[in-house]
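Got the viewer open? Let's take a walk through this structure, one selection after another.

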Amino acid sequence: MFAAWIGYLLDGFDFVLITLVLTEIADEFRLDTATAASLISGAFITRWLGGAVLGALGDRYGRKAAMITSILLYSLGTFACGFAWGYSSLFVARLVIGLGMAGEYSAGVTYVLESWPTRLRNRASGFLISGYAGGTVLAAELYEWVVPNWGWRWMFWIGVLPVLVALWVRRALPEAGDWQTEIAAADGTQRPHPFRPLFTGRLRPWLNAALAAAASAALFCVFTPVGAGHVPWLSAAAALCLTAFAVQLGGRRGWLLYVSLMATVFCAFLYSWPIQALLPTYLKTELGYAPAQVTDVMFYAGFGTMAGCCLAGFVGDRFGTRRAYACTLLASLAFVFPVFAVRDNLVGLGVLLFGLLALGQGISGILPKYIASHFPTATRAASLGFVYNAGALGGAVAPVLGARLAEGMPLGQALAALTFGLTLLVILLVGGNVPRRLARLLDPELPEDHLVPAAAGPGPPGPPDTGARPTGARDGASGAPGS
């Protein structure tokens with residue numbers, strides 16, 4: 001847990017740096033707000049690919065190897081940001097960060113969840129994701145000290161430090177428990193190959209390579225000035241390409257589960273990322289806060305998310321993942337509009353942000369447990385990596401959408417409207433168990449939870465989940481789930 005938590009803390013540190021120095025970068029490179037916000041979106045463009053590829057690596061060769069690879073990618077990508085000479089070079093470095101961040105999510109989450117007792121796996125999920133919030137607090141504290149004295153580039157150069165964590169993980173840690181028990185003993189021909197459905201036949205590999213190229217190109221155009229004037233069509237093309245991959249990976253009985261989970265995660269990012277991405281910009285532009293004041297507010301926000309993630313784990317293990325998720329989000333709605341009504345009271349704003357993010361963002365601590373519970377061990381990392389990171393494109397849309405709405409209204413009002421409306425939608429999707437209900441239209445035997453057997457729950461652990469049919473495992477060349 002500690003190793004994965006440190007990796008996730010540094011992942012959060014590296015990823016949020018761009019939000020803290022966005023105004024400084026915009027000033028140096030002479031970018032407008034929407035173009036600058038696309039730099040935040042850049043890391044999301046490659047996440048679907050990084051999550052799928054590094055997740056498949058984790059399923060076949062072990063969670064630890066995938067986690068090390070992901071840490072190296074996002075660390076080196078962050079280091080490269082410090083050498084950017086313009087918008088394009090910085091955008092490319094952000095693409096590399098997206099690859100690594102996606103792999104860290106799928107590898108780190110499965111590494112921890114499969115190592116903890118079944119009755120405590122919501123807690124494991126919440127504790128792990130709290131590391132990301134801790135990284136945002138660390139970045140905010142360093143921002144106050146580093147940027148005024150050394151400039152924004154040094155924030156990125158400091159981000160190479162996670163490489164040391166990767167080296168330690170490689171030397172010191174064992175493999176994840178569930179993967180070691182179920183997969184490690186198999187020889188090369190019997191180990192999982194989550195992408196096998198994409199490479200069957202003569203034409204399918206070429207068609208899927210074209211789909212991957214088309215999706216990447218469309219997303220690049222959507223989130224850069226290249227696609228100006230054609231964003232709706234390009235967005236539809238990217239969505240169709242990613243849906244085609246989901247249908248193939250899910251097979252005849254699992255494709256609806258993949259697609260519905262992607263949509264749920266997309267909405268979850270849309271409600272949470274406008275505030276995560278544009279809060280520092282809001283504080284500096286609309287409220288006129290100095291760097292030290294921004295640091296103070298971001299500390300409240302990051303610490304609130306961190307505390308909320310830990311609390312979410314206990315609540316999830318006590319009341320169930322879905323119920324805890326929906327009820328906590330519902331409570332968070334009481335804080336949305338008050339946060340953006342406070343202007344001249346830094347402490348009051350900090351307290352309200354703490355409450356909003358502890359409930360609204362902190363509950364995302366059990367989102368990995370919620371998604372991973374839909375997939376068996378053999379395909380868990382690749383499935384979670386693809387579904388989560390394809391849905392995470394909502395995080396790429398969110399800051400640009402927030403910036404566009406702010407062109408016709410105050411930024412704070414735009415952020416409040418997005419957060420409130422989309423939180424309601426996520427409450428309906430998760431609380432109503434919509435993805436699993438849709439999946440059972442095609443697969444009535446889908447287990448309720450692959451990570452926590454029906455006999456397990458609060459109290460003593462239940463028996464191993466040996467009877468669950470491995471939905472998502474492939475049967476021959478057809479891509480259909482095995483029985």
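A pocket, for our purposes, is an open set of grid points with protein on both sides within 12 Å along at least five of seven lines. Keep in mind as you click around that this model is predicted.

**Stop 1: the largest pocket.** Start by selecting Val222, Phe223, Val231, Ser235 and Val397. Of the 29 residues that line the largest pocket, these are the closest to its centre. The space in this pocket comes to about 690 Å³. Now colour the helices α3 (33–45), α11 (204–222), α12, α17 (380–391) and α18 (393–405), since each of them supplies at least two residues of the lining. Which helix gives the largest share of the lining? That's α12, with 10 residues. If you colour the lining by type, you'll get 20 nonpolar, 7 polar and 2 charged residues.

**Stop 2: the largest cavity.** Next come the enclosed spaces, where a 1.4 Å probe fits but cannot get out. How many cavities of 30 Å³ or more are there? The count comes to 3. Go to the largest cavity, which holds about 520 Å³ of space. Select Tyr132, Trp273, Gln276, Thr305 and Gln361: out of 31 lining residues, they are the closest to the centre of this cavity. Then show α1, α6 (87–113), α7 (121–150), α12 (231–285), α13 (291–319) and α15 (346–360), each of which brings at least two residues to the lining. Here α12 gives the most, with 8 residues. By type, the lining of the largest cavity splits into 21 nonpolar, 9 polar and 1 charged.

**Stop 3: two helices that meet.** Select residues 2–20 for helix α1 and residues 22–29 for helix α2. Their axes come within 5 Å and cross at roughly 55°. Parallel, perpendicular or oblique? α1 and α2 are therefore oblique to each other. To see the contact itself, show Ile18, Thr19 and Leu20 on α1, then Leu22, Glu24 and Ile25 on α2. That group is made up of 4 nonpolar residues, 1 polar and 1 charged.

**Stop 4: a salt bridge.** Leave Glu24 on screen and add Lys284. The side chains of Lys284 and Glu24 meet in a salt bridge, at 3.6 Å from N to O. Side chains of opposite charge can pair when their charged atoms come close. This pair joins distant parts of the chain: Lys284 sits in helix α12 and Glu24 in helix α2, 260 residues apart. Want to hunt for others? A search of the whole structure finds 7 salt bridges.

Terms used: Residues are numbered from 1 along each chain as its sequence is written. This is a predicted model: local features need pLDDT of at least 70, side-chain atom pairs count only at pLDDT 80 or more; totals for chains, interfaces and linings use all residues. Side-chain values use heavy atoms; hydrogens and water are left out. Axes are lines fitted to C-alpha atoms, for helices over the stretch in contact, and angles run from 0 to 180 degrees between N-to-C directions. Helices (H or I, at least four residues) and strands (E, at least two) are DSSP runs, numbered from the N terminus. Angles under 35 degrees count as roughly parallel, over 145 as roughly antiparallel, 65 to 115 as roughly perpendicular and the rest as oblique. Contact means heavy atoms within 4.5 Å. Ala, Val, Leu, Ile, Met, Phe, Trp, Tyr, Cys and Pro count as nonpolar, Asp, Glu, Lys and Arg as charged, and the others, Gly among them, as polar. On a 1 Å grid over the protein atoms alone, a cavity is a set of points where a 1.4 Å probe fits but cannot get out, and a pocket is an open set with protein on both sides within 12 Å along at least five of seven lines; lining residues have an atom within 4 Å of a point. Grid points are joined across faces, edges and corners, and a volume is the space filled by probe spheres set on the points. A salt bridge is a side-chain nitrogen of Lys or Arg within 4 Å of a carboxyl oxygen of Asp or Glu.
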